[in-house]
Amino acid sequence: MEFRPAFIAAPVLVMSYGIIRLVDGLDGERGPGPAWTIGHLAFIGALVAFISVFWQMRRMTGGRVLATVFATAGTFGALALITQFSIDLVAGLLATDNYGMSMTIHQVRTLPGISQLAYDFGPYAFYLGQLALVVLLAVQRRVKVWTPILVLADLATPFIDKDLIPLGSVLLLVSFLPLARRTTAANPANPVPALA
């Protein structure tokens, strides 16, 4: 049985970020400080793991053009989010208070293309690519039909309330567990039973 640790690392690191974010906000504001730094590093780590996840899911689907498009979109979105979190991380390291950090982030966001790439539009490619790959696996009956539903629920949680990120990451972990322990590579000519 092949074990794919990126499928575990990604949701666990997102969960870590979500929990640290809750702790960071206990005093009424978030950042700068150790919690801000550690939380952002955890999420950047999760995004690196997601890039690996996207390309492994592409291989599981058989590596065709559509899966390649989705994996590329997801990777682009992950890189956009890495850019966003890196800006926030550096701003937190440079600032002595929340206002100074916010002003630094604002100044960077006003640079041409940065806001659109890293904050406004780029990150959506991450969400769309991830969901599309899981839906493609479900269509090919390589995962159970509930897997895309759990992934969609996870993706929706930060839009509902960012405090729900830990809950969403648990749903994602449940949906990724079968993918982490796949025993065979995908072969379009020989479909495999849907995973439990």
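## Report on a predicted helical model

Gly 62 is placed in the loop that joins helix 2 (34-61) to helix 3 (65-94). The structure described here is a predicted model. Gly 62 counts as partly exposed because its relative accessibility is 31%, a value that lies between the 20% limit for buried residues and the 50% limit for exposed ones. Along the chain, Gly 62 and Val 12 are 50 residues apart, and their C-alpha atoms are separated by 27 Å.

### Annotated transmembrane regions

An unreviewed UniProt entry places the feature "transmembrane region" at residues 7-23, 35-55, 67-87 and 121-139. Two of these spans may be described from the model. Residues 35-55 are 100% helix and 0% strand, and the C-alpha atoms at the two ends of this span lie 31 Å apart. For residues 121-139, the helix content is 95% and the strand content 0%, with 27 Å between the end C-alpha atoms.

### The nonpolar cores

The largest nonpolar core has 38 residues, and the members that touch the most others are Phe 7, Phe 50, Phe 54, Met 57, Phe 176 and Leu 179. At least two residues of this core come from each of helix 1 (6-24), helix 2, helix 3, helix 6 (122-139), helix 7 (146-160) and helix 8 (165-180). Helix 2 gives the largest share, with 12 residues. Apart from this core lies another, made of eight residues, including Trp 36, Ala 91, Ala 95 and Ile 105.

Which residues does Phe 176 touch, if those up to four places away in sequence are not counted? The residues in question are Phe 7, Pro 11, Phe 50, Val 53, Gln 130 and Val 151. Two of these, Phe 7 and Phe 50, are also named among the core members that touch the most others.

### Selected residues in helices 6 and 7

Leu 136 lies in helix 6. Is Leu 136 buried or exposed? Leu 136 is buried, because its relative accessible area of 16% is under the 20% limit. Leaving aside neighbours within four places in sequence, Leu 136 is in contact with Thr 61, Leu 66, Ala 67 and Phe 70. The C-alpha atoms of Leu 136 and Met 57 are separated by 9.3 Å, although these residues are 79 residues apart along the chain.

Tyr 124 is also found in helix 6. With a relative accessible area of 42%, Tyr 124 is partly exposed.

Leu 155 belongs to helix 7 and is buried, its relative accessible area being 8%. Beyond its neighbours within four places in sequence, Leu 155 is in contact with Tyr 127, Gln 130 and Leu 131. Gln 130 is also one of the residues touched by Phe 176.

The table sets out C-alpha distances for four pairs of residues.

| Pair | Separation in sequence | C-alpha distance |
|---|---|---|
| Gly 62 and Val 12 | 50 residues | 27 Å |
| Leu 136 and Met 57 | 79 residues | 9.3 Å |
| Leu 155 and Leu 41 | 114 residues | 20 Å |
| Tyr 124 and Gly 92 | 32 residues | 24 Å |

### The largest pocket

The largest pocket holds about 770 Å³ of space. Its lining consists of 35 residues, and those nearest the centre are Tyr 17, Gln 84, Phe 85, Tyr 127 and Lys 162. Tyr 127 is also in contact with Leu 155. By class, the lining has 20 nonpolar, seven polar and eight charged residues.

Which helices supply at least two residues each to this lining? They are helix 1, helix 2, helix 3, helix 4 (98-109), helix 5 (114-120), helix 6, helix 7 and helix 8. The largest share, six residues, comes from helix 2, the helix that also provides the largest share of the largest nonpolar core.

### Backbone features in the loops

Most residues other than glycine have a negative phi, and most peptide bonds are trans. Two places in the model may be set beside this general pattern. The peptide bond from Gly 31 to Pro 32 is cis, with omega near -10°. Pro 32 lies in the loop between helix 1 and helix 2.

Arg 141 is not a glycine, yet its phi is positive, at about 60°. This residue is located in the loop between helix 6 and helix 7. Arg 141 counts as exposed because its relative accessibility is 59%, which is over the 50% limit.

Methods. Residues are numbered from 1 along each chain as its sequence is written. This is a predicted model: local features need pLDDT of at least 70, side-chain atom pairs count only at pLDDT 80 or more; totals for chains, interfaces and linings use all residues. Side-chain values use heavy atoms; hydrogens and water are left out. UniProt positions are given in the numbering used here, feature names are shortened, and annotations may be inferred rather than shown by experiment. Helices (H or I, at least four residues) and strands (E, at least two) are DSSP runs, numbered from the N terminus. Buried means under 20% relative accessible area, exposed over 50%, partly exposed in between (1.4 Å probe, protein chains only). A nonpolar core is a set of buried Ala, Val, Leu, Ile, Met, Phe, Trp, Tyr and Cys residues joined through side-chain atoms within 4.5 Å. Contact means heavy atoms within 4.5 Å. On a 1 Å grid over the protein atoms alone, a cavity is a set of points where a 1.4 Å probe fits but cannot get out, and a pocket is an open set with protein on both sides within 12 Å along at least five of seven lines; lining residues have an atom within 4 Å of a point. Grid points are joined across faces, edges and corners, and a volume is the space filled by probe spheres set on the points. Ala, Val, Leu, Ile, Met, Phe, Trp, Tyr, Cys and Pro count as nonpolar, Asp, Glu, Lys and Arg as charged, and the others, Gly among them, as polar.
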